[in-house]
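Me: I would like a close look at one part of this protein. Please take the sheet, strand by strand where you can, and then what packs around it.

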Amino acid sequence: MFSKIKKVLQDFAQQISEAILYRTLSEKEIDEYCNNLFIQLIESDVAYDVAEKIVNEIKQQLMGKKIRRGDDAKNYIDTAVEKSLEEMLKGVGTFKLMNFVKSVLAKEKPVKIMFMGVNGVGKTTTIAKIAHILKTNGFKVVVAAADTFRAGAQEQLKKHAERIGVTFIGGRYGSDPAAIAFDAIVYAQKNNFDVVLIDTAGRMHVDIDLMNELRKVARVVKPHLKLLVLDALTGNDALEQLKGFEEAVGVDVVVLTKVDADANGGAALTTIIGVGKPIAYLGVGQGYNDLIEYDPAIVLKMLFR
Ligand SMILES: Nc1nc2c(ncn2[C@@H]2O[C@H](COP(=O)(O)OP(=O)(O)OP(=O)(O)O)[C@@H](O)[C@H]2O)c(=O)[nH]1
């Protein structure tokens, strides 16, 4: 994870600190190193504006501070680079889903969470992973397959539900997804379930009809949480998707999947830094346990250790 970008940051710190062994660097020279870093970040798939943000942050840490020969320059630069990224990652909101579930349950039951996203981002897999975490935490969970559109979607979620050991509610292909979600909620209310996780069909954020359908599901369900699943590999495109869903139905929280699959790391970092919504989890694999709570410290560890 993040392997190329990790090397780019390491090389940057190494080059500057080696140069400092022989002379004190001028601001102009630091600027040149930073410009080179900018190009390297772009080549690791970091989006232009995010690379600019990172480099400016690092420049701020380094400029105006005379680093002299003999100072522990390597340590100083390493710390400055790490601190810059830390500042940016700390600016991204975190979201503790289990705490949220508990806070809603203190008032009402069931907690309704609607999952949304473009096709193939990993929505269904993420629902299965979250259902697994909820079950492990002692909650009674229903998963509702309100995807009546894609062939195989019902069976896919059903299979996950059977494997995890949670209740599945589905319906006929072509039927109204809002009706399935509604049935699942009624079932949960009657049978004292804690949480209903609603899968919706994958849809492009620019497809007006399907976005209208999603609005209808949201109107009927009145979810406590609208969760958007984004594929971290898609970088800036993921941010465009977020904009589309935000405008159509609103987005409360985000899960970024496939962080493990981004060898360069730039796309994932772009999505994390640029998302502007609280991130609940990062998907880091295909297994049920491959979901980690978003925490800036964990991302920093991935980038620097
Ligand atoms: N490496 C990796 N693969 C993942 C992750 N999350 C999901 N996947 C894989 O991505 C593929 C698509 O996942 P699905 O859950 O079917 O995607 P979806 O968004 O529900 O797809 P639609 O129903 O078509 O909208 C599957 O092969 C998943 O195993 C992740 O965090 N890491």
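Reply: What follows goes through the sheet, one of its inner strands, and the helices beside it.

The model is predicted. Its sheet is open and has 8 strands, in the order S3-S2-S4-S1-S5-S6-S7-S8. The pairing is mixed. S3 (167–169) and S8 (291–293) are the edge strands. Each has a single partner strand, so one side of each is left without a neighbour in the sheet. From one strand to the next, the twist averages 25°.

Two helices pack on this sheet. Helix H6 (residues 123–136) touches S1 (111–116), S2 (141–146), S4 (195–200), S5 (225–231), S6, S7 and S8. The direction of H6 makes about 170° with that of S4. Helix H7 (residues 153–164) touches S2, S3 and S4. The direction of H7 makes about 170° with that of S2.

Now take S2 itself. Is it buried or exposed? S2 is mostly covered, with 6 of its 6 residues buried. The cover is on both faces. Val141, Val143 and Ala145 are buried on one side. Val142, Ala144 and Ala146 are buried on the other.

S2 has S3 and S4 beside it in the strand order. With S4 it pairs in the parallel sense over 6 bridges. There, Ala146 stands opposite Thr200 of S4. S2 and S3 also run parallel, joined by 3 bridges. On that side, Ala144 has Ile169 of S3 as its bridge partner.

Further along the sheet, S6 (residues 253–257) and S7 (residues 279–283) run parallel and are joined by 3 bridges. Val255 is bridged to Tyr281 in S7. The UniProt record, an unreviewed entry, places the feature "domain: SRP54-type proteins GTP-binding" at residues 278–291. Over residues 278–291 the chain is 0% helix and 43% strand. The end C-alpha atoms of that stretch are 16 Å apart.

One more helix belongs in this picture. H10 (residues 236–248) has buried residues that pack against S1, S5, helix H9 (208–221) and helix H11 (266–274). Which residues of H10 are buried? They are Ala238, Gln241, Leu242, Phe245 and Ala248. Seen down the axis of H10, they fall within an arc of 135°, so they line one face of the helix. The length of H10 can be checked too. At 1.5 Å a residue, its 13 residues should span 18 Å, and its end C-alpha atoms are 19 Å apart, which agrees. Just after H10, Gly250 takes a positive phi of about 90°.

Conventions:
Residues numbered from 1 in each chain as written. Predicted model: local features only at pLDDT ≥ 70, side-chain atom pairs only at ≥ 80, totals over all residues. Pairing = 2+ DSSP bridges. Helix = DSSP H or I, 4+ residues; strand = E, 2+ residues; numbered from the N terminus. Axes fitted to C-alpha atoms, helices over the stretch in contact; angles between N-to-C directions. Contact = placed C-beta atoms within 7 Å. Expected span 1.5 Å × (residues − 1). Buried ≥ 20, exposed ≤ 12 C-beta atoms within 10 Å, placed from the backbone. Arc of directions from axis to C-beta. UniProt positions renumbered as here; feature names shortened; annotations may be inferred.
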